[in-house]
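Reader: I am new to this structure. Please pick one helix, go through it closely, and then relate it to the rest of the model.

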Amino acid sequence: MLLLLVLISCVAAEIEIAPYTVLTDHTSWEEREFPAMKWISVDGVSSTPNDDSSQYFYRLFNYIDGQNAEGIKIDMTAPVSFKINQGTGNFTMSFFIPMVHQENPPLPITDGLYIEERPTMVVAAKRFGGYPNEDKFLQEAGELRELALGSGLTVAEEPLWTAGYSAPFQIVFRRNEVWLELE
């Protein structure tokens, strides 16, 4: 019984999610618009960025844990996103900055971290569960590309976006996504 309560509490934990508007719901995927927002970001290079993410994650986590110019703790948000250029291996890993800090976020003090002012973007988005590896993200992105093209949409070749909404310790009802920018 205790284990069940722990699982439920982990799943039910409320964290702020980056806002978006569903433009069209295609049942197994969506067309979405993300408004212009600020994210705390770090750049890296890897042929498997989702699999090699821990060193970048902790740099971003330290920022929200108080290692910023104001020394304040910032609530964790979702998703943790990756903007991946598959051709070069360059990627950007980001945490959404909570709405309460959007206007004036604390500046990072760690080399390589920066406040990214992400412009409005329209994407095709596909949700799936589990603990995906790089191959699973690529499989889901390939399926999403076919679905979007089959609906007559024009999909950008790069970048590939991946997004994780669930805490690492969350075992059930995990939320992962792939996003493809629409032109």
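Author: What follows starts with helix α2 and goes on to the pocket, the cavity and some local features of the backbone.

The model is predicted, so local features are reported only at pLDDT of at least 70 and side-chain atom pairs only at pLDDT 80 or more, while totals for chains, interfaces and linings use all residues. Residues are numbered from 1 along each chain as its sequence is written, and side-chain values use heavy atoms, with hydrogens and water left out.

Helix α2 covers residues 54–64, and its buried residues are Tyr56, Phe57, Leu60, Tyr63 and Ile64. Seen down the axis of α2, these residues fall within an arc of 115°, so they line one face of the helix. The arc is taken from the directions that run from the helix axis to the C-beta atoms. Gln55 and Tyr58, on the other side of α2, are exposed. Buried stands for under 20% relative accessible area and exposed for over 50%, with partly exposed in between (1.4 Å probe, protein chains only). Helices (H or I, at least four residues) and strands (E, at least two) are DSSP runs, numbered from the N terminus.

The buried residues of α2 pack against four strands: β4 (37–45), β6 (80–84), β7 (90–96) and β8 (113–118). Contact here means heavy atoms within 4.5 Å. Just after the helix comes Gly66, with a positive phi of about 115°.

Helix α2 also takes part in the largest pocket, where it supplies the largest share of the lining, 5 residues. Others that each supply at least two residues are α1 (2–12), β5 (77–78), β6 and β10 (155–164). The space in this pocket is about 1000 Å³. Its lining has 40 residues, and Gly164, Tyr165, Ser166, Ala167 and Pro168 lie nearest the centre. By class the lining of the largest pocket holds 25 nonpolar, 9 polar and 6 charged residues. Ala, Val, Leu, Ile, Met, Phe, Trp, Tyr, Cys and Pro count as nonpolar, Asp, Glu, Lys and Arg as charged, and the others, Gly among them, as polar.

Pockets and cavities are found on a 1 Å grid over the protein atoms alone: a cavity is a set of points where a 1.4 Å probe fits but cannot get out, a pocket is an open set with protein on both sides within 12 Å along at least five of seven lines, and lining residues have an atom within 4 Å of a point. Grid points are joined across faces, edges and corners, and a volume is the space filled by probe spheres set on the points. There is 1 cavity of 30 Å³ or more by this rule. The largest cavity has a volume of about 60 Å³, and its lining has 9 nonpolar, no polar and 1 charged residues.

Two strands that supply pocket residues, β5 and β6, are joined by a loop that contains Pro79. A cis peptide bond, with omega about 0°, links Ala78 to Pro79. Another cis bond joins Glu158 and Pro159, with omega about -5°, and Pro159 is in strand β10. Most residues other than glycine have a negative phi, and most peptide bonds are trans. Phe173, in the loop between β10 and β11 (176–182), is not a glycine and has a positive phi near 55°. Phe173 counts as exposed, at 68% relative accessibility.
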